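Q: I have a structure open and would like to go through it with you. Could we begin with how the chains meet and then turn to the helices?
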Amino acid sequence: MKENAPNCGRESDLIAFLYGELNDVEARAFQRHVRDCASCKAELASLRNVRESVVNWRNQSLGVISSPIIESAVAGVVHQKPSGLAAVREFFNLAPLWMKGAVGFASVLFCLFAGLAIARLREQLPVPPVKNPSIASSQQEFDALVERRVQEELQKLNNSQQQHSSVVDNAPARIPSRRMTNRGSLPSSLPSEQARRPLSKTEREQLAADLRLTSAKNDSDLDLLDDRINQ
Amino acid sequence: MVTATSDEQIVERALTGDAEAFGEIVQRWERRIFALAFGMLGREEDARDATQETFLAAFRNLRAFRGEAKVSSWLHRIAVNQCITRQRRAKVRNESAIESEEEKNAASFAAPIGYSPARVVEGRETVTAVRLAVNSLPVELRQVVVMKEFEELTFKEIADALDLPLSTVKSRLYTALKQLQMRLQKFGED
């Protein structure tokens, strides 16, 4: 080992200086020595690099590894009150690949069906009302519309009443004329074939009685009348 | 005024039957012991096992603790012995990856081709190289490096823990760093 040590033989001070275990006076004295001793200067630089490499290894190794007892204690606390998200994550971490794939496929299907359902629901939703000028949107417009419709109905009613009254006034004049034109024939409600056939005796008597043209007992007159009608 | 309880006082409480006293010792020292075991063994699983075995052995031998040395020194000695015993067992069984790496690299420190010395100091590959280099050191050198770098103990604490003279600790640490330097340099040249 001595052959690797600095020529000055101050390796003990060098290692103590490297790890900061010299007091201030000793440290300053060694720093002055290093300025003049090329061997110690080179040795200090190379050992400092080695030490930094070891420290990096320590930090990287122990930075990601926690000690067993603390880790178990932390794990105990975590397992006592796991959050929902942590539970889902743990489940997916432990789940096999096929289960992850199945869950992913099911999620895609669910999203697809949800999208379709939303699209259909939008189609069935009522169309938002469009302002129609014929439909009242305020109370005043509604009242005006009702008033207009009432006036229209009243106008229609008056018109119909006037037409009815004119029909009633013309009815007596038309009825006699009709009776005059249809005298000696059957009522218009009868079929035309039946109207053309000769009346029977009973019918003639009934008709004569209805018309009060002659006494039912006067058969001769009745025969004359019958002939006259049949002609 | 609150005075921190010393390790020795806690051990006394444990000896009088305080069931929770030894738990306090474990809480105080388990990180350092784990760091020591990790530095010595180089693998997380081995370090966990060695840490648990260290505290189990300490608990079993609690009545043998005489109080002449510090509790920290006592625990370190147990831990180092646990690591050495574990490495010997692994060597016999040829199960430890570290031991196989050590066997491969102890005689000639093999390294990937194309690494310059500058890159050896930096980078992720350097971390692996350093781990292999430290694990290839002799146990007496390795434990000093680990106690200094991983546990950040002073030379005096290391000397107390290993029951060595202070000068020997410094000499071992200097020798260990020089061997690491040579192995890393060879790693960079290869």
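A: Certainly. Please keep in mind that this is a predicted model. In the contact, chain A takes part with 27 residues and chain B with 32 residues.

Q: Which elements of chain A supply at least two residues each to the side that touches chain B?
A: Three helices do so: α1 (11-18), α3 (38-64) and α4 (68-80) of chain A.

Q: And which of them gives the most to that side?
A: That is α3(A), with 15 residues on the side of chain A that touches chain B.

Q: What is that side made of, by class?
A: The side of chain A that touches chain B has 13 nonpolar residues, together with nine polar and five charged ones.

Q: Staying with chain A, how many helices and strands are there?
A: Chain A has 10 helices and zero strands. Read from the N terminus, its elements therefore run α-α-α-α-α-α-α-α-α-α.

Q: What share of chain A is buried?
A: Of the 231 residues in chain A, 8% are buried.

Q: What about contacts between residues far along the sequence, at least 24 apart?
A: Taking the contacts in chain A between residues at least 6 apart in sequence, 35% join residues at least 24 apart.

Q: Now chain B. How do the axes of α1(B) and α2(B) cross?
A: The axes of helix α1 (residues 7-15) of chain B and α2(B) cross at roughly 145 degrees and come within 7 Å.

Q: Which residues meet there?
A: From α1(B), the residues are B:D7, B:I10, B:V11, B:R13 and B:A14. In α2(B) they meet B:A21, B:F22, B:E24, B:I25 and B:R28. By class, this contact has six nonpolar and four charged residues, with no polar ones.

Q: α2(B) also passes α8(B), I see. At what angle do those axes cross?
A: Helix α2 (residues 21-41) of chain B and helix α8 (residues 139-149) of chain B have axes that cross at roughly 140 degrees and come within 9 Å. That angle makes α2(B) oblique to α8(B).

Q: Is the crossing left-handed or right-handed?
A: The crossing of α2(B) past α8(B) is right-handed.

Q: Which residues make that contact, and of what class?
A: B:L36, B:G39 and B:M40 in α2(B) meet B:R142, B:Q143, B:V146 and B:M147 in α8(B). The contact of α2(B) with α8(B) has four nonpolar, two polar and one charged residues.

Notes. Residues are numbered from 1 along each chain as its sequence is written. Chains are lettered from A and ligands numbered from 1 in the order in which they are written. This is a predicted model: local features need pLDDT of at least 70, side-chain atom pairs count only at pLDDT 80 or more; totals for chains, interfaces and linings use all residues. Two residues are in contact if their C-beta atoms, placed from the backbone, lie within 7 Å. Helices (H or I, at least four residues) and strands (E, at least two) are DSSP runs, numbered from the N terminus. Ala, Val, Leu, Ile, Met, Phe, Trp, Tyr, Cys and Pro count as nonpolar, Asp, Glu, Lys and Arg as charged, and the others, Gly among them, as polar. Axes are lines fitted to C-alpha atoms, for helices over the stretch in contact, and angles run from 0 to 180 degrees between N-to-C directions. Angles under 35 degrees count as roughly parallel, over 145 as roughly antiparallel, 65 to 115 as roughly perpendicular and the rest as oblique. A crossing is left-handed if the near helix is turned anticlockwise from the far one by less than a right angle, and right-handed if clockwise. A residue is buried if 20 or more other C-beta atoms lie within 10 Å of its own, exposed if 12 or fewer, and partly exposed in between; C-beta atoms are placed from the backbone.
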